[in-house]
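Here is a short note for a colleague opening this structure for the first time. Please read the points with the model in view.

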Amino acid sequence: MPEHPPVSDWVHDFDHTDPRWTENPFPIWDELRNECPVVHTKRFLGCYLPTTYQAVKEIAYDTEHFSSRRVIVRDVRPPITNTAPPITSDPPEHKPAKQLLLPPFTPDAMKKLEPRVREICNELIDEFIEDGKCDAAARYTKNIPVRAIAHMLGIPEKDSDLFIKWIHEILELGIKDDSALMRAVHEMTAYFAGHIEARKNNPTDDLISTMMNARDKDGQPLSDMHVLGSLRLLLIAGIDTTWSGIGSSLWHLAKTPADRDRLIAEPELMPTAIEEFLRAYSPVTMAREVMKETTISGCPVKPGNMVLLSFPAANRDPAMFPDADKVVIDRKENRHAAFGLGIHRCVGSNLARMEMTVAIEEWLKRIPDFKLDPAGEVKWSEGTVRGPRQLPVLFKGK
Amino acid sequence: MAGKLKIRVDQDKCQGHARCKSLAPELFNLDEFGNAHEIGDGTVPAGLEDKAWLAQTNCPENAIEVTEE
């Protein structure tokens with residue numbers, strides 16, 4: 001595995017896996033943004049980082065110079081074998097692949113799923129509310145999205161720990177350890193292949209069947225590779241992203257009693273608060289591969305490099321958001337890019353919003369008074385999805 | 001007094017973030033893919049002007065046009 005020496009020059013040698021970035025990236029992004037709209041590092045075989053909203057937007061809309069065939073910045077760039085359409089698709093293949101997945105994720109479809117998510121939240125709270133303390137990441141935030149997406153896919157919620165292991169291997173260990181990545185991808189593929197086989201005899205009403213029954217523009221069933229790729233995408237994309245969104249929101253409320261009390265007193269503020277948590281603590285940074293030379297915000301960008309397409313950094317750009325570094329739970333104008341911009345808008349954004357809203361509402365209903373446990377330590381994920389992976393809290397339960 | 005407002009969702013720009021529908025359900029609706037369109041001919045009824053502007057200023061794709069007639 002390549003070495004990752006500590007960063008001393010953030011502007012010319014940044015590293016999104018450096019412990020300082022993992023712990024607190026916000027001052028780093030400010031430093032980089034003050035220097036340049038697009039910075040570069042030789043690490044990860046060459047990688048750019050747009051630091052402004054404008055630069056992120058230019059890249060997100062430019063599918064000619066930037067490809068989505070690789071969506072994670074890693075130490076290696078092996079041949080592309082395991083795709084996950086539509087997130088790894090470029091035009092013209094992108095649109096038909098995405099349209100298959102859009103109907104099951106509309107806001108109306110999410111309303112039907114909402115009661116099950118409320119139950120999941122309360123089942124989890126039941127397990128620790130008597131204790132007066134818990135690791136809210138391990139006992140609560142981690143388990144909500146994984147059970148919800150299992151419910152939608154029609155796979156057993158009890159397999160959640162397996163899914164969480166794969167996601168850790170793919171999105172965190174996989175940045176520096178290719179064998180961990182490939183092992184997890186193969187295990188996932190075998191798992192879903194088994195479920196597909198079982199449905200051939202016993203059809204069901206879930207997302208796996210939706211993909212199996214889908215037809216392409218010529219009326220043909222999708223290839224097994226396409227179906228398996230999309231199923232891997234739904235599982236990978238739907239879990240630690242929303243887990244992180246819920247976790248960062250709870251972390252904020254644990255250390256900001258004024259916002260917590262206001263949200264309890266004025267529950268009608270929940271929609272603007274959720275959008276503000278999404279802006280201020282955006283969990284997801286996607287990647288692109290530079291295919292052709294171009295300029296972004298005046299900066300030359302060359303092929304052979306990757307791009308860390310940092311929606312979180314864009315959402316902290318003071319040129320776009322007044323008081324960008326402050327969390328304002330009743331912020332009215334909030335054109336944030338937490339779910340991406342352009343054709344790759346997160347297909348699960350309506351699901352994520354619903355899960356975040358329900359998870360925070362149910363927590364506040366039953367645990368209105370809570371704070372960070374001074375005896376514990378908050379730990380953040382490494383890599384391209386940012387959220388608390390350890391979140392010790394003390395509370396007076398009801 | 002200002003004239004009536006009219007809204008229009010640019011179908012080439014809309015990516016289905018659904019912020020407009022959530023902020024102004026009286027003015028916007030979604031199709032089966034979750035993409036937005038204005039309700040009726042887009043004329044904003046009296047009293048809903050603020051919601052029209054709110055939807056416009058929150059669309060991540062800048063897909064909503066608001067014009068004054």
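**Notes on the two chains, the hollows and the local geometry**

1. Start at the salt bridge between Arg19(B) and Glu275(A). Their closest N and O atoms are 3.6 Å apart. Please keep in mind that this is a predicted model. How many salt bridges are there between chain A and chain B? The count is 1. Over all chains, the count comes to 39.

2. Next, the rest of the contact. Chain A gives 21 residues to it, and chain B gives 18. Together the two chains bury about 1,600 Å². Carbon and sulfur atoms account for 45% of that area. In addition, 10 residue pairs are in polar contact across the interface, with both residues at pLDDT 80 or more.

3. Now the side of chain A that touches chain B. Helices α4 (53–61) and α17 of chain A each supply at least two of its residues. Which element gives the largest share? That is α4(A), with 3 residues. By class, this side has 7 nonpolar, 7 polar and 7 charged residues.

4. Look then at the second largest pocket. Its volume is about 980 Å³. The lining has 37 residues. Which of them lie nearest the centre? From chain A they are Pro271(A) and Arg353(A). From chain B they are Ala18(B), Ser22(B) and Leu23(B).

5. Both chains supply elements to this pocket. In chain A, α6 (107–128), α15 (270–280) and α17 (349–366) each give two or more residues to the lining. In chain B, α1 (19–23), β2 (28–30) and α2 (49–58) do so. Helix α17 of chain A has come up before, on the side of chain A that touches chain B. By class, the pocket lining has 15 charged, 13 nonpolar and 9 polar residues.

6. Turn to the cavities. The structure holds 4 of them at 30 Å³ or more. The largest cavity has a volume of about 190 Å³. Its lining takes in 22 residues. Nearest the centre are Trp21(A), Trp29(A), Thr285(A), Gly383(A) and Arg386(A). The elements giving two or more residues to this lining are α2 (19–23) and α3 (26–35) of chain A. The lining divides into 11 nonpolar, 9 polar and 2 charged residues.

7. The second largest cavity has a volume of about 110 Å³. It is lined by 14 residues. Which residues lie nearest its centre? They are Cys14(B), His17(B), Ala18(B), Cys20(B) and Cys59(B). Ala18(B) also lies nearest the centre of the second largest pocket, along with four others named above. By class, the lining of the second largest cavity has 9 nonpolar, 3 polar and 2 charged residues.

8. A salt bridge within chain A deserves a look too. Glu362(A) pairs with Lys365(A), and their closest N and O atoms are 2.8 Å apart. Where do the two residues lie? Both are in helix α17 of chain A. They are 3 residues apart, about one turn of the helix.

9. Check the peptide bonds in one loop of chain A. The bond from Pro85(A) to Pro86(A) is cis, with omega near 5°. Pro86(A) sits in the loop between β3 (66–67) and α5 (94–101) of chain A. The bond from Pro91(A) to Pro92(A) is cis as well, with omega near 5°. Pro92(A) likewise belongs to the loop between β3 and α5 of chain A.

10. Last, a backbone angle. Phi of Ser297(A) is near 50°. That is a positive value in a residue other than glycine. Where is Ser297(A) found? It is in the loop between β6 (294–296) and β7 (299–301) of chain A.

Terms used: Residues are numbered from 1 along each chain as its sequence is written. Chains are lettered from A and ligands numbered from 1 in the order in which they are written. This is a predicted model: local features need pLDDT of at least 70, side-chain atom pairs count only at pLDDT 80 or more; totals for chains, interfaces and linings use all residues. Side-chain values use heavy atoms; hydrogens and water are left out. On a 1 Å grid over the protein atoms alone, a cavity is a set of points where a 1.4 Å probe fits but cannot get out, and a pocket is an open set with protein on both sides within 12 Å along at least five of seven lines; lining residues have an atom within 4 Å of a point. Grid points are joined across faces, edges and corners, and a volume is the space filled by probe spheres set on the points. Helices (H or I, at least four residues) and strands (E, at least two) are DSSP runs, numbered from the N terminus. Ala, Val, Leu, Ile, Met, Phe, Trp, Tyr, Cys and Pro count as nonpolar, Asp, Glu, Lys and Arg as charged, and the others, Gly among them, as polar. Contact means heavy atoms within 4.5 Å. Buried area is the accessible area (1.4 Å probe) that two parts lose on being put together, summed over both. A salt bridge is a side-chain nitrogen of Lys or Arg within 4 Å of a carboxyl oxygen of Asp or Glu. A polar contact is a pair of N or O atoms within 3.5 Å; within protein, one must be able to donate a hydrogen and the other to accept it, and residues adjacent in sequence count only if both atoms are side-chain atoms.
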